[in-house]
Amino acid sequence: MDWNNILTENLKVNYPIIQAPMLGVSTPEMAAVVSNQGGLGSLAVGGLSPEVTRQLIRQTKALTHKPFAVNLFVHDVPAYADNDLEPMRQLLLQLAGKRGYTLDPADLSNFQLYTYHDQLDVLIQEEVSIVSFTFGCLDAASIQRLKEKGCVLIGTATCVEEALFLQQQNIDMMTIQGIEAGGHRGTFIDTIPLPQIGLFTLLPQIINTVKIPCIAAGAINSAETMQAAFDLGAVAVQIGTAFIGTEESVAIASYKKKLDTAKDTDTALTRAFSGRWARGIRNEMMNDIEQAGITIPPYPLQNSLTGKLRKLAQQHNDAAYTNLWAGQAAVTIAGNHTKDVFMNLVKQYEKMHL
Ligand SMILES: Cc1cc2nc3c(=O)[nH]c(=O)nc-3n(C[C@H](O)[C@H](O)[C@H](O)COP(=O)(O)O)c2cc1C
């Protein structure tokens, strides 16, 4: 069958299927496998240091000569007084003790916070050809620098107003992220209430409003859901949760196991882990932080505050005390390897069209 469309042509891929960037879960290996199979792999580098960003890009390049996307977070670091973080620090120390972990108070201060501005030179030097981003829109100077290098830019929208903004900024394509999606909401217009729009409600509204190609994201994990997104006008699908259980993912074993049995009602939106709204399987850490009655500091401060405790839990394969990002359809596609998950989707879809 003919998979070719504007996205496959512009991104030089065989299939309009994108493996979602998943910070903390996806790897250079995962991205490279998807790209080598003819899809678009994505490397998540949001908020990482320039050095680590370069290292991950080089690792991916060593594994594939095909195009892959590098994904950035677009956020500011809010001004804060150290005292503002004290109540959350005390809570986290108490929760760590309750869970049997020892947190050093020093782990809860002096964070090294990076923004995409720290990473842009690396992306340009490494000649990254596709840059996707979420949480906002790159500034005009960065857009210009990347475009001068021939880079294709893919933004993220969670409502019509964000889609219009991305179009005005001359972004080439956009991922439309429905409320079903796992991980952080890409939302970035603060003056409107958090968009909580289902993908199949949002997709046609955006496609009828903007002129640039749209990619559908949120609970897509089968030939049928892919077909539904294409029928509504998407030029590609972006799939995250379905790849969490693979060998190439660095999700801890207990997180992968939770996904095997997750039901439609098991995920929730929370700010507990990072200070930004994100969807994950409800667990004890989410409940404890939400129910403590303490103001949750904004992203990326809360993300850094909870980081060490989540790392400790991960080292102990403790799914109760780390973030378990997942979409509302946590059904895993058959296959333990990224290649099988990806190719099973392609084959299922082709079979539907015989
Ligand atoms: C574990 C996890 C981590 C994610 N991290 C990122 C990220 O780093 N950058 C990004 O743009 N989107 C991220 N997302 C959101 C995905 O891009 C995408 O919107 C989502 O996975 C689609 O929904 P699905 O998980 O139901 O397939 C993440 C999603 C998950 C599940």
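In the predicted model, a polar side-chain atom of Gln177 is placed 3.0 Å from an oxygen atom of the ligand. Backbone atoms contribute further polar contacts: a backbone N or O atom of Gly182 lies 3.3 Å from an oxygen atom of the ligand, and a backbone N or O atom of Pro21 lies 3.2 Å from a nitrogen atom of the ligand. Of the 590 Å² of accessible area that the ligand has on its own, 97% is covered by the protein.

The shell around the ligand comprises 24 residues, of which Pro21, Asn71, Ala219, Gly240 and Thr241 come nearest. When these residues are sorted by class, 14 are nonpolar and ten are polar, while no charged residues are found in the shell. With respect to secondary structure, at least two residues of the shell are supplied by each of strand S3 (68-73) and strand S9 (236-239).

At the level of domains, the assignment for the protein divides the chain into domain 1, made up of 6-77 + 113-254 + 330-352, and domain 2, made up of 80-112 + 267-325. The C-alpha centres of domain 1 and domain 2 are separated by 26 Å, and the contact between these domains takes 22 residues from domain 1 and 18 residues from domain 2. The size of an interface is often expressed as the accessible area lost when the parts come together. Here, domain 1 and domain 2 bury about 1800 Å² between them, with 62% of this area on carbon and sulfur atoms. On the domain 1 side, the most area is lost to domain 2 by Leu113, His184 and Ile252, which together account for 37% of what that side buries.

Methods: Residues are numbered from 1 along each chain as its sequence is written. This is a predicted model: local features need pLDDT of at least 70, side-chain atom pairs count only at pLDDT 80 or more; totals for chains, interfaces and linings use all residues. Side-chain values use heavy atoms; hydrogens and water are left out. A residue is near a molecule or strand if one of its heavy atoms lies within 4 Å of it. A polar contact is a pair of N or O atoms within 3.5 Å; within protein, one must be able to donate a hydrogen and the other to accept it, and residues adjacent in sequence count only if both atoms are side-chain atoms. Accessible areas come from the Shrake-Rupley method with a 1.4 Å probe; for residues, only the protein chains shown count as cover. Helices (H or I, at least four residues) and strands (E, at least two) are DSSP runs, numbered from the N terminus. Ala, Val, Leu, Ile, Met, Phe, Trp, Tyr, Cys and Pro count as nonpolar, Asp, Glu, Lys and Arg as charged, and the others, Gly among them, as polar. Domain bounds come from an automatic or database domain assignment. Contact means heavy atoms within 4.5 Å. Buried area is the accessible area (1.4 Å probe) that two parts lose on being put together, summed over both.
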